Each structure stands twice: as C-alpha cells, then as structure tokens.
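Trainee: Could you take me slowly through the salt bridges of this model, and then show me what else is found around the chain?

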Amino acid sequence: MILPVLVSIVVVLGAAAVNAQRSGSVAASGSPLLINKLRESEAIVRPEAIAYMIWTTGTSAPHEVWYRISGGDALFRQRLRVYKENAPPRAENTLPPESERVQELSSNNPTGWYILGPERGTFSYYFDGDHRRSGNSWENDEGITVTQITYENGTLYRIGFEDRVILDDYNDLIVEVALIQE
C-alpha cells in the first residue's frame, strides 16, 4: 500500500521538475501599477523581427518586468518564450541560450500577469513569438509591431506578432509587457 503511493509521489515530482521554469517568473495576483500616462508612441513595425527585447541599464534603482498574453487571432498554434539575461542586449534577432528562458506558453489565449524581479543593474528581457502549423515543428514568427506607452514610473509595451508576412495584421499573438522602474 505504501509503495504505490511513494511511486506516485516520485512520478508527480519528476514530472513537475521536467516542466519547471527557471526561477524568476512568478504568476502575479494583480496587475502592474503604472502611474499617470504621459504619452503613447505610434506603432513601430518590424517585418523581419522574430522577437522583441527590452533592457535596463546598470542603475542602482530596482525594476520589475510584468508580462501577459492578451490574446491573438492566428491561423496556426502560437507560442511565447520569455528570456531574462543579466547582460546587455544581444544583436537583433539573436536570443539568449535556452538556459536563460524563464517561461514558455504554448497558446495565444489570454493569461494573467507574470512578474520578473525586482532586479537591479543591467538586464535584458526577450519576448519571442513562434508558430506551428499542424504537426510541424515550431517556426519563428515573421514580424512584430510595438506600441510604447510611457508612464511616470515605467513603460507599457504592446507587442503583436505575425506568423505570415503576407497577412501583415500583426495580431496572431498579442503580448503586453510592463517595465516598472522606481
């Protein structure tokens, strides 16, 4: 009787370890507190981009990064991968190694907020959109659009990913990212 229970516990714990995220990404119970909107930029379109990156400089003030999937309307299955690296930004369309990945969400269904931080110093955060046609392997999305909204204490980014350039509606996977700085 005890042996089957112990085996079940080991199997469950082993499965949890396989699916575990790198420490740092935590589901938040609320939403980011952005104070007093100052301005909203025009959308920037990057047809060749596979991911979007934000970074902080080596300041002593703490910062937090919040993110969520807010939706999408895609022909193919979508995936968001989030990376956090204690380093300056990499070249465009270059992602950190998998060891720096903190989350993978395989859907464009809306989620709650996740939070990374608080941190101090230089950090780079990468938000990578991918798609998969039925039965095929994951492929990079083929473009993004970004709208930046500045607040007194941070910035909200609305990122839209496109899985096929010929459609260019940039709404296949929609992600919101908030960088809160004190």
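Mentor: What follows starts with the chain as a whole, turns to the salt bridges, and ends with the pocket, the surface and the backbone.

This is a predicted model, in which local features need pLDDT of at least 70 and side-chain atom pairs count only at pLDDT 80 or more, while totals for chains, interfaces and linings use all residues. Residues are numbered from 1 along each chain as its sequence is written, and side-chain values use heavy atoms, with hydrogens and water left out.

The chain has one helix and 13 strands, and if you follow it from the N terminus, the α element comes at the start of the order, with the β elements after it. Here helices (H or I, at least four residues) and strands (E, at least two) are DSSP runs, numbered from the N terminus. Of the 182 residues in the chain, 41% are buried, a word that stands for under 20% relative accessible area, whereas exposed stands for over 50% and partly exposed for what lies in between (1.4 Å probe, protein chains only).

Now to the part you asked about. The structure holds 13 salt bridges, each of them a side-chain nitrogen of Lys or Arg within 4 Å of a carboxyl oxygen of Asp or Glu. A good one to begin with joins Arg68 to Glu176, whose closest N and O atoms are 2.6 Å apart. This pair links distant parts of the chain, since Arg68 belongs to strand E5 (residues 63-71) and Glu176 to strand E13, 108 residues apart. The two partners also fall into separate classes of exposure: Arg68 has a relative accessible area of 26% and therefore counts as partly exposed, whereas Glu176 is buried because its value is 8%.

Another salt bridge is formed by Arg101 and Glu104, with the closest N and O atoms 2.2 Å apart. Arg101 is partly exposed, because its relative accessibility is 26%, and Glu104 is partly exposed as well, with a relative accessible area of 34%. Both residues take part in a network of salt bridges, in which they are linked with Arg79, Arg81, Glu98, Asp128 and Asp130. Elsewhere, Lys37 forms a salt bridge with Glu40, where the closest N and O atoms are 3.1 Å apart, and Glu40 is partly exposed because its relative accessible area is 44%.

From the charged pairs we can move to the largest pocket, which holds about 220 Å³ of space. On a 1 Å grid over the protein atoms alone, a pocket is an open set of points where a 1.4 Å probe fits, with protein on both sides within 12 Å along at least five of seven lines, and lining residues have an atom within 4 Å of a point. The largest pocket is lined by 15 residues, and Arg46, Tyr52, Met53, Ile54 and Trp55 lie nearest its centre. Strand E4 (residues 51-55) gives the largest share of this lining, namely five residues.

On the surface, Leu75, Ile166 and Leu167 make a nonpolar patch of about 320 Å². Patches are made of residues with over 30% relative accessible area and no salt bridge, where like charges are joined within 9 Å and nonpolar side chains (Val, Leu, Ile, Met, Phe, Trp, Tyr) within 5 Å. Leu167 sits in the loop between strand E12 (154-161) and strand E13 (173-181), and Leu167 counts as partly exposed because its relative accessibility is 39%.

The loop between E12 and E13 also holds Tyr170, which has a positive phi of about 50° although it is not a glycine; Tyr170 is buried, because its relative accessible area is 12%. Asn93 likewise is not a glycine and has a positive phi, of about 65°. Asn93 is found in the loop between strand E6 (77-85) and strand E7 (101-105), and with a relative accessible area of 36% Asn93 is partly exposed. A further backbone detail is the cis peptide bond from Gly117 to Pro118, with omega near 5°, and Pro118 lies in strand E8 (residues 114-119). These points deserve your attention because most residues other than glycine have a negative phi, and most peptide bonds are trans.

Finally, look at Ser134, which has its place in the loop between strand E9 (124-132) and strand E10 (139-140) and is exposed because its relative accessible area is 79%. Ser134 and Phe76 are 58 residues apart in sequence, yet 7.4 Å apart in space, C-alpha to C-alpha.

Key:
Points joined across faces, edges and corners; volume = space filled by probe spheres on them. Areas by Shrake-Rupley, 256 points an atom, 1.4 Å probe, with all protein chains shown as cover.
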